[in-house]
Amino acid sequence: MRPLLRAVLALLLLAVPQMAMATPPNVIVAADFAEPTTRYPHGVLGDDIEWGALRLTVDMCVDCESRDVRDFVIRLPEHRVFEDTAPRLVDLDGDGSPYVVVVESDARLGARLAIYNEAGFVAGTPFIGTRNRWLAPVGAADLDGDGVMELAYVDRPHLAKTLRVWRWRGGTLDPVAEMGGLSNHRIGERDIAGGIRTCANVPEMIVATADWSRLMAVTLQDNRLRARDIGAHEGRKSFAAALGC
């Protein structure tokens, strides 16, 4: 190979990673529900209004001098709605670019936990399988300290009352563990109780017992859930105090 050609090729090879590094990934900076609808009259959150679309605000070039922020609208088909209090931005990969986690319900199959980005649906749990069956998210965190994120929700908090944990694996959700006798929502409430706290570097899911008499802190260890009683349930103020450690 001629020396001049060899030098040109070497410069091109050096330039490729530099050009790639100069183009950061898109970053979702905000999300909200849009296009209210009454086409799924379940009313679990206190009224018959759900949402037909998800609106994402995306920074297309986070390191650019001139910001390029755009809105993306993801519309569900007529037989589905977003049946949730608000979208959640969660960085599942640890790369600084969050996904959006929501509850999505089907007119025939009920609810599932779903993950979206600006391109659309990314992954989800199976639908519960029956109309008007819902789930209430607890949150997302690396619950067992292995460097991989888990997502948790209470499956049918008014009926089955089962805490379920799923693990994020490079674009898919795998079931990890479950525990019955727990809840985080009562029919008609506008919000979802509890969440995830980290006290003494140990993530704990804060939920209520099935009869709403006690608060429980649930941890994940070796793919098993362990619950401990942390006090009486006395309304949302007791949840707030528990989440504050």
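**Salt bridges, sheets and a disulfide in a predicted model**

Trainee: How many salt bridges does a search of the whole structure find?

Mentor: Keep in mind that this is a predicted model. A salt bridge here needs a side-chain nitrogen of Lys or Arg within 4 Å of a carboxyl oxygen of Asp or Glu. Searched as a whole, the structure yields 21.

Trainee: How far apart are the closest N and O atoms of Arg 80 and Glu 104?

Mentor: Arg 80 sits in strand 4 (residues 80-82) and Glu 104 in strand 6 (residues 99-106). The pair links distant parts of the chain, 24 residues apart. Both residues, Arg 80 and Glu 104, are buried. The N and O atoms of this salt bridge come to 3.4 Å.

Trainee: Is Asp 84 buried or exposed?

Mentor: Asp 84 meets Arg 88 in a salt bridge, N to O at 2.6 Å. Buried means under 20% relative accessible area. Asp 84 has 4%, so the verdict is buried.

Trainee: Which residue's side chain meets Arg 164 in a salt bridge?

Mentor: Both members of this pair are buried, Arg 164 included. The N to O distance is 2.8 Å. The partner is Asp 155.

Trainee: Which residues do shared salt-bridge partners join into one network?

Mentor: Start from a pair already discussed: Arg 80 forms a salt bridge with Glu 104. Salt bridges that share partners extend this into one network, made up of Arg 80, Glu 104, Asp 106 and Arg 112.

Trainee: What is the strand order in the open sheet of four strands?

Mentor: Pairing in this sheet is antiparallel. Strand 9 (135-141) and strand 12 (172-180) are the edges, each pairing on one side only. From one strand to the next, the twist averages 20°. The order is 9-10-11-12.

Trainee: Which residue in strand 10 is the bridge partner of Pro 137?

Mentor: Strands of a sheet pair through backbone hydrogen bonds. Strand 9 and strand 10 run antiparallel and are joined by six bridges. For Pro 137, the partner in strand 10 is Tyr 153.

Trainee: Is Val 154 buried or exposed?

Mentor: Val 154 belongs to strand 10 (residues 150-155). Beyond four places in sequence, its contacts include Trp 134, Leu 163, Leu 182 and Val 207. Its C-alpha atom is 10.0 Å from that of Gly 181, 27 residues away along the chain. With a relative accessible area of 0%, Val 154 is buried.

Trainee: Which residue's backbone nitrogen lies 3.1 Å from a polar side-chain atom of Thr 37?

Mentor: Thr 37 is in strand 1 (residues 27-37). At 14% relative accessible area, Thr 37 is buried. Beyond four places in sequence, Thr 37 touches residues including Asp 48, Trp 51 and Val 81. The backbone nitrogen at 3.1 Å belongs to Arg 39.

Trainee: How many residues of strand 16 are buried?

Mentor: Strand 16 spans residues 214-221 and is mostly covered. Of its eight residues, the number buried is six.

Trainee: Which residue in strand 16 is the bridge partner of Met 205?

Mentor: Strand 15 (residues 202-209) pairs with strand 16 in the antiparallel sense, over four bridges. The two form a hairpin with four residues between them, and Trp 212 in the turn has a positive phi of about 65°. Opposite Met 205 in strand 16 is Val 218.

Trainee: And which residue in strand 17 is the bridge partner of Val 218?

Mentor: Eight bridges join strand 16 to strand 17 (residues 224-232), in antiparallel fashion. This hairpin has two residues between its strands, and Asp 222 in the turn has a positive phi of about 55°. The partner of Val 218 in strand 17 is Ala 227.

Trainee: How far apart are the sulfur atoms of Cys 199 and Cys 245?

Mentor: The whole structure holds one disulfide. Cys 199 lies in strand 14 (residues 195-199) and Cys 245 in the segment after helix 2 (236-243), so the bond ties together parts 46 residues apart in sequence. Cys 199 is buried at 17%, whereas Cys 245 is exposed at 56%. The sulfur atoms are separated by 1.8 Å.

Trainee: Is the disulfide of Cys 199 and Cys 245 left-handed or right-handed?

Mentor: Look at the torsion about the S-S bond, which is about -90°. The sign is negative, so the disulfide is left-handed.

Technical notes:
Residues numbered from 1 in each chain as written. Predicted model: local features only at pLDDT ≥ 70, side-chain atom pairs only at ≥ 80, totals over all residues. Heavy atoms only, no water. Buried < 20%, exposed > 50% of the residue type's maximum accessible area, 1.4 Å probe, protein only. Polar contact = N/O pair within 3.5 Å; in protein donor to acceptor, adjacent residues only side chain to side chain. Contact = heavy atoms within 4.5 Å. Pairing = 2+ DSSP bridges. Axes fitted to C-alpha atoms, helices over the stretch in contact; angles between N-to-C directions. Disulfide = S-S within 2.5 Å.
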